[in-house]
Amino acid sequence: MQKDGRWFDWGSLRGYRWYLFIVLSIIYFLACLHRISPTVIARDLVRDFGTDATALGFMSSAYFYLYAAVQPPVGLLSDTWGPRTVTTLFTAIACLGAVIFGLAPDMTVATLGRAMIGIGVGGVFVPALKVFSKWFRAKEFAGMTGIFLATGNAGNLAASLPLTYLVIWMGWRMSFVAIGAVSLLMALVCWLILRDKPEDKGWPPIEPEIDGQANKQDANDPPALTTMGRLAIVFGKPNFWMVTGSYFFFGGPMLAFQGLWTVPYLMDVHDYTRVQAGALLMLMPIGFVVGSPLFGLVADRLPFERKTILISALTVCLACWAVFLPTHGKPPAWLIGPLFLIIGVCGGGSLSLYMTMNKELFPGWLTGTAMGLMNPAAFLSTALFQPFSGYLMDTVGRVGEAYPLDAYYKVLVAVFISIALSLLSILPARKGEGTGSLSRP
(Lines give C-alpha, C1' and ligand atoms only; values in the text may rest on other atoms or scores of the structure.)
Protein backbone atom coordinates (compact mmCIF):
# COMPACT_ATOMS: atom_id res chain seq x y z
CA MET A 1 0.00 0.00 0.00
CA GLN A 2 1.42 3.30 -1.08
CA LYS A 3 -0.30 5.11 1.72
CA ASP A 4 1.48 2.92 4.26
CA GLY A 5 4.82 3.92 2.81
CA ARG A 6 4.61 7.40 4.33
CA TRP A 7 5.83 7.40 7.94
CA PHE A 8 3.57 10.18 9.21
CA ASP A 9 0.38 9.39 7.32
CA TRP A 10 -1.58 8.91 10.55
CA GLY A 11 -4.23 6.79 8.87
CA SER A 12 -1.67 4.28 7.67
CA LEU A 13 0.12 1.42 9.42
CA ARG A 14 3.40 3.30 9.54
CA GLY A 15 1.71 6.45 10.72
CA TYR A 16 -0.56 4.90 13.35
CA ARG A 17 2.33 3.28 15.16
CA TRP A 18 3.53 6.77 16.09
CA TYR A 19 0.24 7.30 17.95
CA LEU A 20 1.12 4.20 19.95
CA PHE A 21 4.66 5.40 20.48
CA ILE A 22 3.55 8.81 21.78
CA VAL A 23 0.99 7.35 24.21
CA LEU A 24 3.44 4.79 25.59
CA SER A 25 6.19 7.42 25.85
CA ILE A 26 3.98 9.73 27.94
CA ILE A 27 3.08 6.89 30.30
CA TYR A 28 6.73 5.87 30.57
CA PHE A 29 7.60 9.54 31.18
CA LEU A 30 5.40 9.43 34.30
CA ALA A 31 6.99 6.15 35.41
CA CYS A 32 10.48 7.66 35.21
CA LEU A 33 9.35 10.81 36.99
CA HIS A 34 8.23 8.69 39.95
CA ARG A 35 11.49 6.76 39.87
CA ILE A 36 13.75 9.57 41.04
CA SER A 37 11.22 12.01 42.53
CA PRO A 38 12.17 11.27 46.18
CA THR A 39 15.53 13.04 45.76
CA VAL A 40 13.70 16.36 45.29
CA ILE A 41 11.46 15.92 48.34
CA ALA A 42 13.84 13.95 50.58
CA ARG A 43 14.24 16.78 53.08
CA ASP A 44 10.47 17.42 53.09
CA LEU A 45 9.82 13.77 53.94
CA VAL A 46 12.41 13.75 56.72
CA ARG A 47 10.84 16.89 58.18
CA ASP A 48 7.18 15.91 57.81
CA PHE A 49 7.56 12.30 58.96
CA GLY A 50 10.46 12.75 61.39
CA THR A 51 12.47 9.95 59.80
CA ASP A 52 16.14 9.15 59.07
CA ALA A 53 18.13 8.14 55.97
CA THR A 54 17.65 4.38 56.47
CA ALA A 55 13.86 4.67 56.77
CA LEU A 56 13.78 7.05 53.83
CA GLY A 57 15.78 4.53 51.82
CA PHE A 58 13.30 1.75 52.65
CA MET A 59 10.34 3.95 51.71
CA SER A 60 11.89 4.94 48.38
CA SER A 61 12.97 1.36 47.67
CA ALA A 62 9.36 0.09 47.98
CA TYR A 63 8.86 1.34 44.42
CA PHE A 64 11.76 -0.77 43.17
CA TYR A 65 10.93 -3.95 45.13
CA LEU A 66 7.41 -4.03 43.73
CA TYR A 67 8.50 -2.87 40.28
CA ALA A 68 10.96 -5.76 40.16
CA ALA A 69 8.45 -8.26 41.55
CA VAL A 70 5.81 -7.57 38.88
CA GLN A 71 8.16 -7.76 35.89
CA PRO A 72 8.00 -11.55 35.32
CA PRO A 73 4.18 -11.70 35.51
CA VAL A 74 3.92 -8.54 33.41
CA GLY A 75 6.09 -10.19 30.76
CA LEU A 76 3.97 -13.33 30.75
CA LEU A 77 0.74 -11.31 30.69
CA SER A 78 2.07 -9.22 27.79
CA ASP A 79 2.51 -12.46 25.83
CA THR A 80 -0.96 -13.75 26.82
CA TRP A 81 -3.39 -10.92 27.70
CA GLY A 82 -1.68 -8.47 25.37
CA PRO A 83 0.13 -5.15 26.03
CA ARG A 84 -2.98 -2.98 25.70
CA THR A 85 -4.82 -4.59 28.62
CA VAL A 86 -1.71 -4.81 30.79
CA THR A 87 -0.63 -1.19 30.29
CA THR A 88 -4.11 0.23 30.89
CA LEU A 89 -4.66 -1.75 34.09
CA PHE A 90 -1.26 -1.03 35.59
CA THR A 91 -1.36 2.69 34.75
CA ALA A 92 -4.61 2.94 36.71
CA ILE A 93 -2.89 1.29 39.69
CA ALA A 94 -0.06 3.85 39.45
CA CYS A 95 -2.68 6.62 39.60
CA LEU A 96 -4.08 5.24 42.86
CA GLY A 97 -0.60 4.87 44.35
CA ALA A 98 0.35 8.48 43.55
CA VAL A 99 -2.79 9.79 45.25
CA ILE A 100 -2.20 7.64 48.35
CA PHE A 101 1.42 8.82 48.54
CA GLY A 102 0.42 12.47 48.23
CA LEU A 103 -2.19 12.19 50.99
CA ALA A 104 -0.16 9.92 53.31
CA PRO A 105 -0.39 10.91 57.01
CA ASP A 106 2.74 8.95 57.99
CA MET A 107 5.69 6.99 56.62
CA THR A 108 3.79 3.68 56.63
CA VAL A 109 1.05 4.95 54.31
CA ALA A 110 3.64 6.78 52.18
CA THR A 111 5.50 3.50 51.75
CA LEU A 112 2.25 1.79 50.75
CA GLY A 113 1.59 4.49 48.15
CA ARG A 114 5.15 4.24 46.86
CA ALA A 115 4.77 0.45 46.58
CA MET A 116 1.55 0.81 44.57
CA ILE A 117 3.28 3.27 42.26
CA GLY A 118 6.00 0.67 41.74
CA ILE A 119 3.42 -1.98 40.86
CA GLY A 120 1.61 0.33 38.47
CA VAL A 121 4.53 1.71 36.52
CA GLY A 122 5.98 -1.81 36.38
CA GLY A 123 3.39 -2.58 33.72
CA VAL A 124 4.66 -0.08 31.16
CA PHE A 125 8.15 -0.79 29.81
CA VAL A 126 7.92 -4.50 28.96
CA PRO A 127 4.49 -4.24 27.27
CA ALA A 128 5.83 -1.28 25.27
CA LEU A 129 8.73 -3.36 23.96
CA LYS A 130 6.24 -6.08 23.05
CA VAL A 131 4.24 -3.51 21.06
CA PHE A 132 7.39 -2.29 19.29
CA SER A 133 8.33 -5.86 18.36
CA LYS A 134 5.02 -6.11 16.47
CA TRP A 135 4.78 -2.60 15.00
CA PHE A 136 8.43 -2.01 14.00
CA ARG A 137 10.87 -4.06 11.94
CA ALA A 138 13.57 -6.09 13.68
CA LYS A 139 16.33 -3.83 12.35
CA GLU A 140 14.50 -0.79 13.76
CA PHE A 141 14.10 -2.22 17.27
CA ALA A 142 17.34 -0.97 18.90
CA GLY A 143 16.87 2.54 17.53
CA MET A 144 13.20 2.71 18.56
CA THR A 145 14.00 1.33 22.00
CA GLY A 146 16.65 4.01 22.41
CA ILE A 147 14.26 6.78 21.33
CA PHE A 148 11.58 5.38 23.65
CA LEU A 149 14.01 5.36 26.57
CA ALA A 150 15.00 8.93 25.75
CA THR A 151 11.46 10.31 25.51
CA GLY A 152 10.30 8.35 28.53
CA ASN A 153 13.31 9.27 30.61
CA ALA A 154 12.58 12.90 30.01
CA GLY A 155 10.53 12.08 33.12
CA ASN A 156 13.83 11.88 35.00
CA LEU A 157 14.54 15.34 33.65
CA ALA A 158 11.16 16.55 34.83
CA ALA A 159 11.85 15.04 38.27
CA SER A 160 14.74 17.44 38.75
CA LEU A 161 14.28 21.19 38.32
CA PRO A 162 10.67 21.17 36.95
CA LEU A 163 9.44 19.00 39.85
CA THR A 164 11.38 21.25 42.22
CA TYR A 165 9.41 24.26 40.99
CA LEU A 166 6.15 22.31 41.08
CA VAL A 167 6.80 21.35 44.72
CA ILE A 168 7.64 24.95 45.59
CA TRP A 169 4.39 26.07 43.93
CA MET A 170 1.93 23.34 45.01
CA GLY A 171 3.70 21.54 47.85
CA TRP A 172 4.92 17.97 47.54
CA ARG A 173 1.55 16.45 48.49
CA MET A 174 -0.62 18.17 45.89
CA SER A 175 2.10 17.67 43.29
CA PHE A 176 1.69 13.90 43.57
CA VAL A 177 -2.10 14.10 43.58
CA ALA A 178 -1.88 16.04 40.30
CA ILE A 179 0.50 13.45 38.84
CA GLY A 180 -2.04 10.78 39.80
CA ALA A 181 -4.78 12.62 37.92
CA VAL A 182 -2.65 12.75 34.77
CA SER A 183 -1.96 9.01 35.13
CA LEU A 184 -5.69 8.28 35.21
CA LEU A 185 -6.20 10.29 32.02
CA MET A 186 -3.40 8.38 30.28
CA ALA A 187 -4.89 5.03 31.31
CA LEU A 188 -8.07 6.00 29.48
CA VAL A 189 -6.17 7.23 26.41
CA CYS A 190 -4.13 4.02 26.39
CA TRP A 191 -7.24 1.84 26.22
CA LEU A 192 -8.75 3.93 23.42
CA ILE A 193 -5.66 4.12 21.18
CA LEU A 194 -3.24 1.27 21.92
CA ARG A 195 -3.44 -1.91 19.81
CA ASP A 196 -1.29 -4.99 20.34
CA LYS A 197 -0.40 -5.57 16.67
CA PRO A 198 -1.22 -4.20 13.20
CA GLU A 199 -3.68 -7.04 12.57
CA ASP A 200 -5.92 -5.58 15.30
CA LYS A 201 -6.44 -2.56 13.02
CA GLY A 202 -6.93 -4.66 9.89
CA TRP A 203 -3.37 -4.26 8.58
CA PRO A 204 -0.97 -7.06 7.68
CA PRO A 205 2.00 -7.88 9.98
CA ILE A 206 4.75 -5.27 9.78
CA GLU A 207 7.54 -7.57 8.56
CA PRO A 208 5.61 -9.16 5.66
CA GLU A 209 4.12 -5.77 4.74
CA ILE A 210 7.52 -4.11 4.50
CA ASP A 211 9.92 -6.89 3.56
CA GLY A 212 7.61 -9.16 1.62
CA GLN A 213 8.49 -12.20 3.67
CA ALA A 214 7.11 -13.91 6.73
CA ASN A 215 8.56 -13.37 10.15
CA LYS A 216 10.08 -16.80 10.65
CA GLN A 217 10.32 -16.55 14.41
CA ASP A 218 6.63 -15.72 14.81
CA ALA A 219 5.63 -18.23 12.14
CA ASN A 220 7.23 -20.98 14.22
CA ASP A 221 5.35 -20.19 17.43
CA PRO A 222 4.84 -23.37 19.45
CA PRO A 223 1.19 -24.48 19.39
CA ALA A 224 1.20 -24.77 23.18
CA LEU A 225 3.88 -23.88 25.70
CA THR A 226 3.41 -23.78 29.45
CA THR A 227 4.72 -21.00 31.65
CA MET A 228 7.39 -23.35 32.98
CA GLY A 229 8.39 -24.18 29.42
CA ARG A 230 8.87 -20.51 28.59
CA LEU A 231 10.89 -19.95 31.76
CA ALA A 232 13.07 -22.98 31.02
CA ILE A 233 14.00 -21.63 27.57
CA VAL A 234 14.95 -18.21 28.94
CA PHE A 235 16.84 -19.47 31.99
CA GLY A 236 18.67 -22.01 29.86
CA LYS A 237 20.63 -19.31 28.01
CA PRO A 238 24.03 -18.55 29.64
CA ASN A 239 24.16 -15.19 27.88
CA PHE A 240 20.84 -14.24 29.47
CA TRP A 241 22.43 -14.57 32.91
CA MET A 242 25.50 -12.56 31.92
CA VAL A 243 23.49 -9.71 30.41
CA THR A 244 21.09 -9.71 33.35
CA GLY A 245 23.90 -9.86 35.91
CA SER A 246 25.66 -6.89 34.33
CA TYR A 247 22.35 -5.01 34.22
CA PHE A 248 21.84 -5.76 37.94
CA PHE A 249 25.17 -4.31 39.05
CA PHE A 250 24.95 -1.32 36.71
CA GLY A 251 21.38 -0.09 37.00
CA GLY A 252 20.74 -0.30 40.74
CA PRO A 253 23.43 1.98 42.17
CA MET A 254 22.97 4.48 39.33
CA LEU A 255 19.23 4.73 39.98
CA ALA A 256 19.69 4.79 43.76
CA PHE A 257 22.15 7.67 43.76
CA GLN A 258 20.29 9.66 41.11
CA GLY A 259 16.87 9.00 42.61
CA LEU A 260 17.58 9.55 46.30
CA TRP A 261 20.95 11.08 47.19
CA THR A 262 22.03 13.42 44.38
CA VAL A 263 20.16 16.52 45.57
CA PRO A 264 20.99 15.99 49.29
CA TYR A 265 24.64 15.38 48.30
CA LEU A 266 24.83 18.62 46.33
CA MET A 267 23.11 20.59 49.10
CA ASP A 268 25.00 19.07 52.04
CA VAL A 269 28.48 18.78 50.50
CA HIS A 270 28.63 21.59 47.92
CA ASP A 271 26.22 24.02 49.67
CA TYR A 272 23.90 24.39 46.68
CA THR A 273 20.33 25.59 47.11
CA ARG A 274 17.47 23.21 46.28
CA VAL A 275 16.95 24.93 42.92
CA GLN A 276 20.67 24.86 42.06
CA ALA A 277 20.90 21.18 43.01
CA GLY A 278 17.81 20.39 40.93
CA ALA A 279 19.35 22.16 37.94
CA LEU A 280 22.55 20.10 38.23
CA LEU A 281 20.54 16.92 38.63
CA MET A 282 18.97 17.66 35.23
CA LEU A 283 22.28 16.90 33.55
CA MET A 284 21.99 13.16 34.28
CA PRO A 285 18.61 12.71 32.55
CA ILE A 286 19.69 15.08 29.75
CA GLY A 287 22.64 12.77 29.15
CA PHE A 288 20.30 9.78 29.32
CA VAL A 289 18.00 11.34 26.73
CA VAL A 290 20.99 11.87 24.42
CA GLY A 291 22.67 8.52 25.06
CA SER A 292 19.67 6.22 24.63
CA PRO A 293 18.89 6.92 20.96
CA LEU A 294 22.53 7.65 20.10
CA PHE A 295 23.82 4.26 21.22
CA GLY A 296 20.76 2.50 19.82
CA LEU A 297 21.20 4.06 16.38
CA VAL A 298 24.94 3.34 16.41
CA ALA A 299 24.22 -0.29 17.27
CA ASP A 300 21.69 -0.53 14.41
CA ARG A 301 23.83 1.12 11.75
CA LEU A 302 27.50 0.41 12.44
CA PRO A 303 29.15 -3.03 12.11
CA PHE A 304 30.22 -3.30 15.74
CA GLU A 305 29.16 -5.97 18.20
CA ARG A 306 26.66 -4.73 20.74
CA LYS A 307 28.84 -6.24 23.44
CA THR A 308 31.80 -4.10 22.31
CA ILE A 309 29.72 -0.92 22.39
CA LEU A 310 28.33 -1.81 25.82
CA ILE A 311 31.78 -2.49 27.28
CA SER A 312 32.95 0.90 25.99
CA ALA A 313 30.01 2.67 27.66
CA LEU A 314 30.54 0.86 30.97
CA THR A 315 34.27 1.67 30.94
CA VAL A 316 33.67 5.40 30.41
CA CYS A 317 30.99 5.41 33.13
CA LEU A 318 33.33 3.65 35.56
CA ALA A 319 36.04 6.22 34.84
CA CYS A 320 33.59 9.02 35.75
CA TRP A 321 32.73 7.47 39.11
CA ALA A 322 36.45 6.88 39.73
CA VAL A 323 36.96 10.67 39.79
CA PHE A 324 35.11 10.82 43.12
CA LEU A 325 37.57 8.46 44.85
CA PRO A 326 40.87 10.40 44.97
CA THR A 327 38.95 13.58 45.84
CA HIS A 328 37.27 11.82 48.79
CA GLY A 329 33.86 12.41 47.26
CA LYS A 330 34.25 16.12 46.56
CA PRO A 331 35.71 16.87 43.11
CA PRO A 332 35.94 20.50 42.02
CA ALA A 333 32.52 22.10 41.59
CA TRP A 334 33.16 22.83 37.89
CA LEU A 335 33.65 19.11 37.23
CA ILE A 336 30.33 17.94 38.72
CA GLY A 337 28.25 19.00 35.72
CA PRO A 338 30.35 17.27 33.04
CA LEU A 339 30.58 14.12 35.17
CA PHE A 340 26.80 13.96 35.64
CA LEU A 341 26.24 14.53 31.92
CA ILE A 342 28.64 11.79 30.79
CA ILE A 343 27.29 9.37 33.40
CA GLY A 344 23.80 10.02 32.02
CA VAL A 345 24.89 9.47 28.40
CA CYS A 346 26.54 6.15 29.29
CA GLY A 347 23.56 5.11 31.40
CA GLY A 348 21.03 5.71 28.65
CA GLY A 349 23.19 4.07 25.99
CA SER A 350 23.87 1.02 28.14
CA LEU A 351 20.20 0.48 28.93
CA SER A 352 19.13 0.47 25.27
CA LEU A 353 21.91 -2.04 24.53
CA TYR A 354 20.97 -4.34 27.42
CA MET A 355 17.38 -4.48 26.17
CA THR A 356 18.34 -5.10 22.55
CA MET A 357 20.89 -7.80 23.42
CA ASN A 358 18.34 -9.63 25.54
CA LYS A 359 15.65 -9.37 22.86
CA GLU A 360 17.99 -10.86 20.24
CA LEU A 361 18.61 -13.95 22.34
CA PHE A 362 15.03 -15.19 21.87
CA PRO A 363 12.30 -15.55 19.22
CA GLY A 364 9.51 -12.99 19.00
CA TRP A 365 6.99 -15.09 20.91
CA LEU A 366 9.29 -14.95 23.97
CA THR A 367 9.99 -11.20 23.85
CA GLY A 368 7.65 -10.28 26.71
CA THR A 369 8.74 -13.17 28.90
CA ALA A 370 12.46 -12.54 28.36
CA MET A 371 12.17 -8.81 28.98
CA GLY A 372 9.98 -9.39 32.01
CA LEU A 373 12.61 -11.67 33.52
CA MET A 374 15.57 -9.37 32.85
CA ASN A 375 14.02 -5.98 33.57
CA PRO A 376 13.59 -6.62 37.35
CA ALA A 377 17.36 -6.94 37.80
CA ALA A 378 18.22 -3.24 37.94
CA PHE A 379 15.18 -2.41 40.04
CA LEU A 380 15.76 -5.20 42.52
CA SER A 381 19.33 -3.94 42.76
CA THR A 382 18.02 -0.40 43.38
CA ALA A 383 15.62 -1.69 46.02
CA LEU A 384 18.54 -3.32 47.82
CA PHE A 385 20.99 -0.46 47.31
CA GLN A 386 18.78 2.38 48.52
CA PRO A 387 18.34 1.16 52.13
CA PHE A 388 21.92 -0.18 52.11
CA SER A 389 23.24 3.23 51.10
CA GLY A 390 21.05 4.83 53.76
CA TYR A 391 22.57 2.45 56.30
CA LEU A 392 26.09 3.40 55.16
CA MET A 393 25.25 7.06 55.69
CA ASP A 394 23.71 6.47 59.09
CA THR A 395 26.89 4.71 60.24
CA VAL A 396 28.47 8.17 59.99
CA GLY A 397 25.38 10.04 61.18
CA ARG A 398 23.92 13.46 60.59
CA VAL A 399 25.36 16.77 61.69
CA GLY A 400 22.24 18.80 62.37
CA GLU A 401 19.93 18.33 59.36
CA ALA A 402 22.74 17.47 56.93
CA TYR A 403 24.98 14.46 56.36
CA PRO A 404 28.74 15.06 56.23
CA LEU A 405 31.00 14.30 53.28
CA ASP A 406 32.26 11.05 54.87
CA ALA A 407 28.71 9.63 54.72
CA TYR A 408 28.32 10.34 51.02
CA TYR A 409 31.84 9.09 50.28
CA LYS A 410 30.88 5.62 51.50
CA VAL A 411 27.98 5.58 49.04
CA LEU A 412 30.17 6.78 46.16
CA VAL A 413 32.70 3.99 46.81
CA ALA A 414 29.89 1.42 46.81
CA VAL A 415 28.61 2.76 43.46
CA PHE A 416 32.09 2.49 41.93
CA ILE A 417 32.51 -1.13 43.09
CA SER A 418 29.12 -2.10 41.67
CA ILE A 419 29.82 -0.54 38.24
CA ALA A 420 33.13 -2.44 38.15
CA LEU A 421 31.25 -5.70 38.84
CA SER A 422 28.86 -4.83 36.00
CA LEU A 423 31.76 -4.55 33.57
CA LEU A 424 33.27 -7.83 34.74
CA SER A 425 29.92 -9.62 34.41
CA ILE A 426 29.48 -8.89 30.70
CA LEU A 427 33.02 -9.76 29.60
CA PRO A 428 32.45 -13.58 29.33
CA ALA A 429 29.29 -13.20 27.18
CA ARG A 430 29.64 -15.22 23.97
CA LYS A 431 28.74 -14.05 20.49
CA GLY A 432 25.78 -15.98 19.09
CA GLU A 433 23.71 -18.36 21.10
CA GLY A 434 20.70 -20.29 19.82
CA THR A 435 18.13 -17.96 18.24
CA GLY A 436 19.89 -14.77 19.26
CA SER A 437 23.16 -12.96 18.80
CA LEU A 438 25.13 -10.35 20.66
CA SER A 439 26.36 -8.94 17.40
CA ARG A 440 24.58 -6.83 14.84
CA PRO A 441 21.99 -9.08 13.15
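This report walks through two helices, the internal cavities and two single residues of a predicted model.

**Helix H10**

Let's begin with helix H10, which covers residues 172–193. Its 22 residues, at 1.5 Å each, should span 32 Å, and the C-alpha atoms at the two ends are indeed 32 Å apart, so expectation and model agree.

Which residues of H10 are buried? They are Trp172, Ser175, Phe176, Ile179, Gly180, Ser183, Met186, Ala187 and Cys190. Viewed down the helix axis, these buried residues fall within an arc of 140°, so they line one face of H10. The spacing has a familiar background: an α-helix has 3.6 residues a turn, so residues three or four places apart point the same way. On the other side of H10, Leu185 and Leu192 are exposed.

The partners of the buried residues are four helices: H1 (13–36), H2 (38–49), H4 (83–102) and H9 (161–170) all have H10 packing against them.

**Helix H6**

Helix H6 takes up residues 125–135, and 10 of its 11 residues are buried, so the rest of the structure largely encloses it. Among the buried residues of H6 are Phe125, Pro127, Leu129, Phe132 and Trp135. Lys130 and Ser133 also belong to that buried set.

**Cavities**

Rolling a probe the size of a water molecule over the atoms shows where empty space is left. For this model, a search of the whole structure turns up 3 cavities of 30 Å³ or more. The largest has about 310 Å³ of space. It is lined by 25 residues, and those closest to its centre are Gly251, Met254, Leu255, Phe288 and Leu351. Five helices each give two or more residues to this lining: H1, H14 (238–269), H16 (283–301), H18 (333–359) and H20 (376–396). The biggest share comes from H14, with 7 residues. By class, the lining holds 17 nonpolar, 7 polar and 1 charged residues.

The second largest cavity has a volume of about 40 Å³. Its lining includes Ile27, Leu30 and Ala31, together with Phe90, Thr91 and Ala94. Gly120, Val121, Val124 and Ser183 line it as well. Here the elements giving two or more residues are H1, H4 and H5 (107–121). This lining divides into 7 nonpolar, 3 polar and no charged residues. Ser183 links back to the first section, being one of the buried residues of H10.

**Two single residues**

Where does methionine 144 sit? Its place is in helix H7, residues 141–152. Valine 109, for its part, lies in helix H5. With a relative accessibility of 6%, methionine 144 counts as buried, because the cut-off for that class is under 20%. Valine 109 is partly exposed, at 27%.

Setting aside neighbours within four places in sequence, methionine 144 is in contact with Trp18, Phe21 and Phe136. On the same basis, valine 109 is in contact with Ile100 and Ala104.

Each of the two residues also has a partner that is separated from it in sequence, as the table shows.

| Pair | Separation in sequence | C-alpha to C-alpha distance |
|---|---|---|
| Methionine 144 and proline 293 | 149 residues | 7.5 Å |
| Valine 109 and methionine 59 | 50 residues | 9.7 Å |

Note on methods:
Residues are numbered from 1 along each chain as its sequence is written. This is a predicted model: local features need pLDDT of at least 70, side-chain atom pairs count only at pLDDT 80 or more; totals for chains, interfaces and linings use all residues. Side-chain values use heavy atoms; hydrogens and water are left out. The expected span of a helix is 1.5 Å times one less than its number of residues. Buried means under 20% relative accessible area, exposed over 50%, partly exposed in between (1.4 Å probe, protein chains only). The arc is that of the directions from the helix axis to the C-beta atoms. Contact means heavy atoms within 4.5 Å. On a 1 Å grid over the protein atoms alone, a cavity is a set of points where a 1.4 Å probe fits but cannot get out, and a pocket is an open set with protein on both sides within 12 Å along at least five of seven lines; lining residues have an atom within 4 Å of a point. Grid points are joined across faces, edges and corners, and a volume is the space filled by probe spheres set on the points. Ala, Val, Leu, Ile, Met, Phe, Trp, Tyr, Cys and Pro count as nonpolar, Asp, Glu, Lys and Arg as charged, and the others, Gly among them, as polar.
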